[in-house]
Every structure is written in C-alpha cells, then in structure tokens.
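This report describes the strand arrangement and the nonpolar core of one protein chain. The sequence and model are shown first.

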Amino acid sequence: MLLSHRAVMRSLALSFAAASLLFACQTRPGVLSGEETSEGARRVVMSVTEAGFEPDTITVKASQPLELVITRKTDATCATEIIVDDPPVNQKLPLNETVTVRFTPTKAGELRFGCAMDKMIGGKIFVQ
Ligand SMILES: [Cu+2]
C-alpha cells in the first residue's frame, strides 16, 4: 500500500497547483474584494504602509457604492492622500487615522488609484 515516489510527487505538484490557483484568484478579477455592508455597499479595508497601499489590487462591481476604509500607518512615503480620476476622489489620509473614502465606480474596467504624484504609489481597482 506504499505510494510510489512518482505518485507522491504528483500529488504534491497537484496540491501546489491548487494552492497557487487559490492564491491567484484572490487578486484576479472575478472574486470581489472585501465584504458587502448591510446598506449594500462594498467595504474594503486598506492600509498605507512602507510597501504602499495594501492591498494594492481590488475587485469591485460597477454601480455598487464602494467604501475604502483606509488607515495610513507610515509617514515614510508620499501617499498622504488617495486620488481617483473618474469618479473624482481626492481625500487626505491623516497619519494613524482611519478614513472612509466613498465613491461609486460607474464603468467596468481598470481604475487606478494612488498618491497625488500621478499615483506613483497606488494600485488598481478592477471594476466588473
Ligand atoms: Cu507619490
């Protein structure tokens, strides 16, 4: 009843592939980020650290109000506000204060967000 070496290797490879797939799905379009509030908005918790916005890629639905609950935890980067072009968002992120940024993405596609310097520190919102 011993598994052959090859069978063991194959099942290891399969579980690795499954784990990678699961991991990929968390950041890829298709799986919505965050949670739905009782008011029907989508709430995503983010922070700004020395690595930038975390998470820096989220997926949401067009026409669903979005609430980004953001806490900036570092003064070491220039990401002291969050900018979105369409719809226009420009919200200061005071250090160590949790700010709720509310807007509703209207069009499906990719929406960039980030700091005031052309979103050099920022990320992407996949709107589906
Ligand atoms: Cu910047």
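Strands here are DSSP runs of E covering at least two residues, numbered from the N terminus, and two strands pair if DSSP finds at least two bridges between them. The model is predicted.

**Overall composition**

The chain contains one helix and ten strands. Along the sequence the helix comes ahead of the strands, in the pattern α-β-β-β-β-β-β-β-β-β-β. Of its 128 residues, 19% are classed as buried. When contacts between residues at least 6 apart in sequence are taken, 54% of them link residues at least 24 apart.

**Strand β5 and its partners**

Strand β5 spans residues 66-72. Its side chains alternate between two faces: L66, L68, I70 and R72 point to one and are buried, whereas E67, V69 and T71 point to the other and are not buried. β5 is bridged to β2 (residues 42-49) in parallel and to β8 (residues 98-103) in antiparallel fashion. T71 has a partner in both of these strands: S47 stands opposite T71, and in β8 the bridge partner of T71 is T98.

The table lists pairings by bridge count and direction, including the one between β6 and β7.

| Strand pair | Bridges | Direction |
|---|---|---|
| β2 and β5 | seven bridges | parallel |
| β5 and β8 | six bridges | antiparallel |
| β6 and β7 | four bridges | antiparallel |

**The five-stranded sheet**

Five strands form an open sheet in the order β4-β10-β9-β6-β7, and the pairing is mixed. β4 and β7 (89-92) are the edge strands, each paired on one side only. From one strand to the next, the twist averages 20°. In the pairing of β6 with β7, I83 stands opposite N90 of β7.

**Nonpolar core**

In soluble globular proteins, nonpolar side chains tend to be buried together. The largest nonpolar core in this chain has 18 residues, and I70 and I125 have the most contacts inside it. At least two residues of this core come from each of β2, β4 (57-60), β5, β6 (81-84), β9 (109-114) and β10 (122-127).

Which residues does I125 touch, not counting residues up to four places away in sequence? They are I58, V60, P105, L111 and F113. I70, the other residue with the most contacts inside the core, is on the buried face of β5 along with L66, L68 and R72.

Terms used
Residues numbered from 1 in each chain as written. Predicted model: local features only at pLDDT ≥ 70, side-chain atom pairs only at ≥ 80, totals over all residues. Buried ≥ 20, exposed ≤ 12 C-beta atoms within 10 Å, placed from the backbone. Contact = placed C-beta atoms within 7 Å. Core = buried A, V, L, I, M, F, W, Y, C linked by C-beta atoms within 7 Å. Axes fitted to C-alpha atoms, helices over the stretch in contact; angles between N-to-C directions.
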